[in-house]
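Trainee: Could you walk me through the terms used for this model? I'd like to see how each label is earned.

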Amino acid sequence: MAKRRAKGEGNIRKRSDGRWEGRYVAGHDPKTGKMICKNVLGKTQAEVKEKLKNAIADAEKLDFSKTGQYTVGQWMDVWFQNYAKVKVRPSSHQTYQGYIEHHIKPRIGDIPLEKLTTLDLQKLYRELLEEGRVVRRESEKQPRGLSPKTVRNINQIISSAMDQAIAQKLILANPTDGCALPKVEHKEMKTLSADQLAAFLREAKETGVYEMYYFELATGLRRGELLGLKWEDVDWERRTVRICRQVARINGKIVEAPLKTKNSYRTISLGSGAIEVLRAQEKKTNDAYIFPSPNGGPISPDSVQNMLNRVLKRAGLPKIRVHDLRHTFATLALQNGVDIKTVSGMLGHYSAGFTLDTYTHVTTPAQIEAANTMGSVLAVNV
């Protein structure tokens with residue numbers, strides 16, 4: 001009986017055309033049991049010997065019974081269904097799937113997975129920056145290209161899928177390594193001043209949405225967190241509220257979803273003004289949610305932004321996002337002496353350092369004041 005040759009076993013011979021050839025066993029077909037043989041070529045025996053050594057080493061990192069099985073598009077689908085869907089938040093599923101279906105598969109989906117190169121990806125990112133936006137009625141007036149941030153997000157998704165392909169021994173290296181990614185321009189943070197806040201809250205009261213926006217400004221919650229609040233989360237005696245869920249739009253439906261990070265699960269204290277507002281809201285509603293939709297149940301996150309736009313317009317104020325109300329809360333808290341660690345905890349940030357980096361423009365005046373104070377103290381002792 002012939003001896004079964006082991007994976008990695010190789011030999012070298014000189015071909016009739018004068019070149020040297022190294023042949024090796026890369027693996028065995030799982031169905032037939034037959035050897036999967038590969039070869040390398042070179043002008044000299046020494047050259048082929050080195051190539052054969054490297055090829056055999058690479059063969060240990062690859063499963064040749066599976067390589068060549070997927071195109072990039074097919075692997076992105078497999079990765080999304082079996083890895084991403086399990087790992088990422090449900091609210092991100094639609095975003096991931098949109099990136100794959102609208103941007104990745106149409107442009108590089110037919111490339112064999114093992115042949116995808118850094119250059120292929122570099123060309124993809126350039127095209128997306130120039131004309132990657134999906135044409136929809138609501139985006140007709142927007143630029144044709146995707147933003148640098150979106151392109152970087154797409155690169156991150158591809159990179160995660162390629163890392164998993166390496167783990168499955170489908171490819172040797174991640175082609176996203178070495179890609180030149182576009183720089184994200186830092187957008188200036190928008191907040192409402194004290195005077196603007198007064199005008200905003202007056203108009204919010206006239207419009208009938210005062211309680212929701214006051215509570216947002218008093219707590220700095222993320223939009224989804226605000227809309228996910230239920231009366232059962234309020235501890236009237238301790239004057240606190242638990243943040244333990246969010247409301248999001250997933251696959252076109254308004255649903256409850258887990259929070260962004262483990263630090264987002266938190267309990268925050270409420271001031272007397274926020275308690276008053278909650279009491280007033282309690283009398284206005286008959287729903288499990290503190291800020292429900294007119295028909296009951298969770299309110300659409302889009303509706304909250306639309307309502308905000310109307311209030312700002314009627315108050316003669318510049319357009320901002322709901323998230324900018326969160327920035328307004330943090331900015332005013334820091335400007336009025338609340339320490340950075342407390343603000344960070346209320347915002348649900350993963351560290352006070354992140355909060356400090358985000359609101360460095362607010363803390364700089366406080367640092368200058370501290371420096372001047374120390375200068376005065378030290379001057380007394382000179």
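Mentor: Sure, start with the lining of the largest cavity: Lys66, Thr67, Gly68, Gln69, Tyr70, Leu113, Glu114, Leu170 and Ile171. Bear in mind that this is a predicted model, where local features need pLDDT of at least 70, side-chain atom pairs count only at pLDDT 80 or more, and totals for chains, interfaces and linings use all residues. Residues are numbered from 1 along each chain as its sequence is written, and side-chain values use heavy atoms, with hydrogens and water left out.

Trainee: What makes a space a cavity and not a pocket?

Mentor: On a 1 Å grid over the protein atoms alone, a cavity is a set of points where a 1.4 Å probe fits but cannot get out, whereas a pocket is an open set with protein on both sides within 12 Å along at least five of seven lines. Lining residues have an atom within 4 Å of a point, so that is what puts Lys66 on the list.

Trainee: How much space lies in the largest cavity?

Mentor: About 30 Å³, where a volume is the space filled by probe spheres set on the points, and points are joined across faces, edges and corners. The whole structure has one cavity of 30 Å³ or more.

Trainee: Why is Cys37 called partly exposed?

Mentor: Buried means under 20% relative accessible area and exposed over 50%, with partly exposed in between (1.4 Å probe, protein chains only). Cys37 has 35%, so Cys37 is partly exposed. Cys244, at 25%, therefore gets that label too.

Trainee: What does a search for disulfides find?

Mentor: Zero in the whole structure. A disulfide is a pair of cysteine sulfur atoms within 2.5 Å.

Trainee: What makes a set of residues a nonpolar core?

Mentor: Its members are buried Ala, Val, Leu, Ile, Met, Phe, Trp, Tyr and Cys residues joined through side-chain atoms within 4.5 Å. The largest such core has 49 residues, with Phe200, Tyr213, Phe215 and Leu229 having the most contacts inside it. H11 is its biggest contributor, giving six residues; helices (H or I, at least four residues) and strands (E, at least two) are DSSP runs, numbered from the N terminus. A second, separate core has 27 residues, including Met76 and Leu170.

Trainee: Which residues does Leu229 contact, leaving aside neighbours within four places in sequence?

Mentor: Among them are Phe215, Val241, Ile243 and Phe291, contact meaning heavy atoms within 4.5 Å.
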